[in-house]
Amino acid sequence: MAEIILTTVVQVLKCLAPPAYRQISYLRESKYTSNLQNLKTEVESLKSERVSTQHLVDEAKRKGEEIEENVENWLASANNVIVEADKFTDDEATANKRCFKGFCPNLNTRRGLNKEVERQKKAIVKVREAGRFDRISYRTAPEDIRLISSKDYEAFESRMPTLRSILSALEDPDVNMLGIYGMGGIGKTMLAEEVARKIKSDKIFDQVVFAEVSQSQDIRKIQGEIADKLGLKFHEESEPGREEKKILVILDNIWENLDLRVVGIPHGDDHRGCKILLTARSLDVLSRKMDSQQNFAVGILKEVEAWSLFKKMAGDYIEGSEFQLVAREVEKECAGLPVSIVTVARALRNNKSLFDWKDALEQLRRPPLKNFMNIQPNAHKAIKLSYDNLGGEELKNVFLLIGYTVIESIDDLLMYGMGLGLFQGVSKMEEARARVHTLVHKLKASCMLLDHLSKNEEFFSMHDVVRDVAISIASSEHNVFSATEEQVDGCREWSEESAVKLYTSIVLRDVKTNLLPELVECPQLKLFLIHADKESPSLSIANNFFERMIQVRVINLSYVDLLSLPSSLVLLSNLRTLSLYYCKLLDISGIGDLKKLEFLCLRGCDIRQLPIEVGELICLKLLDLRDCSKLEVIPPHILSNLSHLEELNIGDNSFYHWEVEVDGVKNASLNELKHLTSLQLRIKDINCLPRGLFFEKLERYRILIGDFWNWKYNICSRDFRIGLSKRICLKDVLIVQLQGIEHLGLYGLQEHDVESFANELVKVGSSQLKHLWIEGCHEAHDALNSAESK
């Protein structure tokens, strides 16, 4: 009855007094009910938008990106209004909104509630409208490891004036480009890195960017380094870089003119905020080709400095002992060149045989057998002495292989070294990998190799002067031909058929044109490597090119336009390693004829289907299918037929259609991988995992299950990450043992998984666990703490 009267009054006021109508309309139950329902709808919509935004935020954080402040503020505001609205609707459901023993509505209460509903609805609509973002996150510039630590820098007194002069020139507003020059191995890079550290610590520039140029001038690589350190992205190779406040760009190891506009580096009078510091071996390159305004020479060390560095590298025991006299003479033969001093001193470190010291001195005093381009004679003799003192032929051969192939990864060294048979008494992959790590460690300890800038133990680097010497030794002692296309042009040895017949290895780098003949006769060739230039037109290879390479054991073709395998390649009966790195390759039929093949790398190739013939490679130990983005079909039984296969690398941007039917062919099952000892795998859909799948033999693995993990994180050899759901339990899909695991990521962990997870940790322990990432259940963190306490 009260509602009928109220409705009548409302209609009258609507006609006669609109302001009064708006006030009394709050008292109607239908109006209140409608508003309340609208509020609930808006709340649900906002909750959905909050979840979507949070997912984008989580994904950005996993990529190492920073979240925009307005996004963080919006999430906080959304949470606040949602909590307030939920509390209101919960309270509203239990509130007494009637009077006179329930016969009449409490009009005063209803009016207040109606107004509150409208207020909250407006607040939620306002938050929703504010949740339209151009971007969620932004890339941050990663810390350059060279600018953090100065432990390898020697602050020689003779170089302090040069350092101070460079810093002063950088503060001169009229100087926008300057250079450091000196012979190879003199310490130009070390000095430039110290300049960068001083600039950063004194805040003279807002940002400092360090990029390696080198002889090959890989523009894309240079752009990538600069973009990464500025937190930018180059969407096109020639896109100009962005100037941000005051920036110092250090370009290390310039060999010839580098067009800064092509790279995208702003410079000149119109861009006074950006300054360029170059290092080069030649003053001519800096002053004439790069128009550098001020240039600073780096000379050899003073005698007292050279002796101090020598003692530090060889050991203080030489001072005041019977070795001191001959050690002084050895140090003098290094001619004040830091790279020579370091390599020789490390080679003789803690050597207590006076005869060895005297022999080293005689070797250094002998003139080099020939002049080697770009290598200072003293440096060549010093590094050659260090090479001669490497323990055993195996270590020497590995050093030379790294030098003339210009490889920088454990994986490549493993494939090439095993293919050439360098590692005696080793047959299993894990044994070989351990041997390779040991040899690389020994070469680093001898200062013949350097740590990679990434500090990832799976990579290494070599000083360019040391590499030049390695190539010269390999050329003179092992008939190895290693050169860039520019060096090949006009090279007499390459053009003489009699010389080519004697080659044991051919390495051609940065090839831009089709310089290969139709046929090459190399009866003694064991390794053939060609690396095409990524920026140039595609390089092709004739069908009969490999016909007379009957002994070849290792072939690497990178960025070559093949489409299909050359018919002569599949006739190489001794081939052990075949690496087709990012080749334009659609068809690998015929590969089944390579019966002795042990290593097959198809990384980055365009193949759509793995041919059944791959299953005939009965000796295959490693198969690399990473970055095969077009690969959709792996027929069943191919992988299980490879009884000797130990390592399978598929990775992120490649095949993931396990057990799915494609074009009438049902793909292989994960059960075919149970015999592996090493596995890199990405599974996007957890629902395709067979229940109870378990890889008992795995010793190394990187397995990511779910469509949101960031593959970039790569410092662990036993890495397992999985995204769970309410329907799938952790115990159903724990496909690797937790024993020995180094990185464990669990996303969406449910409460019913916590006990199982805790019991597993208690059973196997977590002593080797380096990283644990859990999202989804707070009880899991308590379980971990409990497990560790036990």
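**View 1. Glu 329 is partly exposed, with a relative accessible area of 26%.** Here, buried means under 20% relative accessible area, exposed means over 50%, and partly exposed is in between (1.4 Å probe, protein chains only). You're looking at a predicted model, where local features need pLDDT of at least 70 and side-chain atom pairs count only at pLDDT 80 or more, while totals for chains, interfaces and linings use all residues. Residues are numbered from 1 along each chain as its sequence is written, and side-chain values use heavy atoms, with hydrogens and water left out. The partner of Glu 329 is Lys 332, and their side chains meet in a salt bridge at 3.9 Å, N to O. A salt bridge is called when a side-chain nitrogen of Lys or Arg sits within 4 Å of a carboxyl oxygen of Asp or Glu. Lys 332 is partly exposed too, at 45% relative accessibility. Both residues belong to helix H12 (residues 324–333) and lie 3 residues apart, about one turn of the helix. Helices (H or I, at least four residues) and strands (E, at least two) are DSSP runs, numbered from the N terminus.

**View 2. Lys 595 and Glu 616 join two loops through a salt bridge.** The N-to-O distance is 3.4 Å. This pair links distant parts of the chain, 21 residues apart: Lys 595 is in the loop between strand E18 (584–587) and strand E19 (599–601), and Glu 616 is in the loop between E19 and strand E20 (622–624). Lys 595 is partly exposed at 40% relative accessible area, and Glu 616 is partly exposed at 36%.

**View 3. Arg 119 reaches across to Glu 84 in another helix.** The closest N and O atoms of this salt bridge are 2.7 Å apart. Arg 119 comes from helix H5 (residues 107–130) and Glu 84 from helix H4 (residues 69–94), with their positions 35 residues apart in the chain. Look for Arg 119 at 39% relative accessibility, which counts as partly exposed. Glu 84, at 37%, is partly exposed as well.

**View 4. Arg 700 is buried but has no salt bridge.** Arg 700 is found in strand E25 (residues 700–705). What is the nearest side chain of opposite charge to Arg 700? That's Glu 647, 4.0 Å away. For charge, Lys and Arg count as positive and Asp and Glu as negative; His and the chain ends are not counted. Skipping neighbours within four places in sequence, Arg 700 is in contact (heavy atoms within 4.5 Å) with residues including Glu 430, Arg 433, Glu 458, Glu 647 and Arg 718. Arg 433, Glu 458 and Glu 647 also turn up in a network of salt bridges, linked with Asp 411, Asp 624 and Arg 626. In the protein, the count comes to 30 salt bridges.

**View 5. Five strands make an open, parallel sheet.** Reading across, the order is E6-E7-E8-E5-E9. Strand E6 (207–212) and strand E9 (294–297) stand at the edges with a single partner strand each, so one side of each is left without a neighbour in the sheet. From one strand to the next, the twist averages 15°. E6 is joined to strand E7 (residues 247–254) by 6 bridges, and two strands pair if DSSP finds at least two bridges between them. For a spot to zoom in on, Phe 210 has Ile 250 in E7 as its bridge partner.

**View 6. Helices H6 and H7 pack on that sheet.** Helix H6 (residues 160–170) lies across strand E5 (177–181), E7, strand E8 (274–280) and E9, and runs at about 170° to E9. Helix H7 (residues 188–201) touches E5, E6, E7 and E8, with its direction making about 165° with that of E6. Axes are lines fitted to C-alpha atoms, for helices over the stretch in contact, and angles run from 0 to 180 degrees between N-to-C directions.

**View 7. Leu 631 is buried in a loop.** The loop runs between E20 and helix H23 (638–641), and the relative accessible area of Leu 631 is 2%. Its C-alpha atom is separated by 5.5 Å from that of Phe 655, 24 residues apart along the chain. Beyond its neighbours within four places in sequence, Leu 631 is in contact with Ile 607, Leu 610, Leu 625, Phe 655 and His 657, among others.
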